[in-house]
Amino acid sequence: MARPEKVEQVDLLTEKLRDAKVAVLTDYRGLTVQQMQDLRAKLRGAQVEFRVVKNTLARRAVDEAGRDAALKELFKGPVALALSSSEDLGAPIRVVNEFNRANRLRIAMTGGIVEGEVLDADGVQEIADLPPREVLLAQLLGTLQTPIGLLASAVQAPMRELVGLLEAYKDKLGGEPAEA
C-alpha cells in the first residue's frame, strides 16, 4: 500500500508534467545549498519551477501524465526537473546554461521533453544553442524584408534610368528646353 505522502507527490508531479511545455532533467550533484537556492531564484524569475524528484515517483508520474515512455529512461541518478509552461521553450535551458557560466559549474542536462517530444542530452544542448525567441523573430523579419526591398529597388530602377536618360538628353541639347 502506497504512503499518502508519496501518492500526493506523484499526483503533484503528474499535474506539473501534464501542464509543462518543457521539462528539463538536470543532475544537481556538486551544488551547494546556496548555489541551489540561487539557481531556483533565477529559474523562478523565468517562470520555471525547479524541483528535486525521486526517480521511482517521477517514473510513475510520467506514466500517469501520459508522457512518452522514453522519458522514464532518463530518470537515472540524482535528478532535478526544471518545468516550464511558458511560451519561451528555451528558458529553462538558457537559465541553467547562464548559471553554469556565471558560477563556473557544469550542471549536466541529461535530457528532457519539449512540447511532447523527448530529447536526449544532445537534443537539449541544441535547444540551448538557439538564440532567444525575439532574436529568431528579428532574423525572420530581416529575411522576409530583404526580397521586398530588392523588388522595390528593381521596380524603381527603370524610372531612375529614364530620368537619367532624359537628363543626359537635356544636357546634350544644351540645357535649354526645345522650342516648339
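Is Gln47 buried or exposed? I started my notes there: Gln47 counts as exposed because its relative accessibility is 58%. My cut-offs are under 20% relative accessible area for buried, over 50% for exposed, and partly exposed in between, with a 1.4 Å probe and protein chains only.

**Ground rules.** I'm working with a predicted model, where local features need pLDDT of at least 70 and side-chain atom pairs count only at pLDDT 80 or more, while totals for chains, interfaces and linings use all residues. Numbering runs from 1 along each chain as its sequence is written, and side-chain values use heavy atoms, with hydrogens and water left out.

**Odd phi angles.** I went back to Gln47 for its backbone. The phi of Gln47 is positive, about 60°, although the residue is not a glycine. I noted why that caught my eye: most residues other than glycine have a negative phi. Gln47 sits in the loop between helix 2 and strand 2 (48-53). For the element names I rely on DSSP runs numbered from the N terminus, with helices being H or I of at least four residues and strands being E of at least two.

Glu115 went on the list too, with a positive phi of about 45° and, again, no glycine there. I found Glu115 in the loop between strand 4 (109-114) and strand 5 (117-120). Glu115 counts as exposed, since its relative accessibility is 57%.

**Salt bridges.** I searched the whole structure and got five salt bridges. My criterion was a side-chain nitrogen of Lys or Arg within 4 Å of a carboxyl oxygen of Asp or Glu. The general idea is that side chains of opposite charge can pair when their charged atoms come close.

I wrote down three of the pairs, beginning with Arg3 and Glu5, whose side chains meet at 3.3 Å, N to O. Arg3 is partly exposed at 49% relative accessibility, and Glu5 is partly exposed at 47%.

Next came Arg51 and Glu49, at 2.9 Å, N to O. Arg51 has a relative accessible area of 25%, so I call it partly exposed; Glu49, at 27%, is partly exposed as well. I then followed this pair outward: Lys16, Glu49 and Arg51 are linked in a network of salt bridges.

Lys72 and Asp63 make another pair, at 3.2 Å, N to O. Lys72 counts as partly exposed at 21%, and Asp63 counts as partly exposed at 48%.

**Surface patches.** I looked for patches among residues with over 30% relative accessible area and no salt bridge, joining like charges within 9 Å and nonpolar side chains (Val, Leu, Ile, Met, Phe, Trp, Tyr) within 5 Å. For charge signs, Lys and Arg are positive and Asp and Glu negative, with His and the chain ends not counted. Each charge is placed at NZ of Lys, CZ of Arg, CG of Asp or CD of Glu.

Which residues form the negative surface patch? I got Glu8, Asp11, Glu15, Asp19 and Glu64. Helix 1 (residues 4-19) supplies the largest share of this patch, four residues. I checked Glu8, which is found in helix 1 and is exposed, given its relative accessible area of 58%.

The nonpolar patch is Met159, Leu162, Val163, Leu165 and Leu166, with about 510 Å² of accessible area together. Areas come from the Shrake-Rupley method with a 1.4 Å probe, and for residues only the protein chains shown count as cover. I picked out Leu166, which lies in helix 6 (residues 133-172). With a relative accessible area of 53%, Leu166 is exposed.

**Buried spots and a loop glycine.** I looked up Gln35, placed in helix 2 (residues 33-45). Gln35 counts as buried because its relative accessibility is 18%. A polar atom of the Gln35 side chain lies 2.9 Å from the backbone nitrogen of Thr32.

Val124 is in helix 5 (residues 121-129) and counts as buried at 2% relative accessibility. I checked the C-alpha atoms of Val124 and Gly111: they are separated by 6.1 Å, with their positions 13 residues apart along the chain.

Last on my list was Gly77, in the loop between helix 3 (55-65) and strand 3 (79-84). At 41% relative accessibility, Gly77 counts as partly exposed. How far apart are the C-alpha atoms of Gly77 and Thr26? I have 10.0 Å for that pair, 51 residues apart along the chain.

Key. A polar contact is a pair of N or O atoms within 3.5 Å; within protein, one must be able to donate a hydrogen and the other to accept it, and residues adjacent in sequence count only if both atoms are side-chain atoms.
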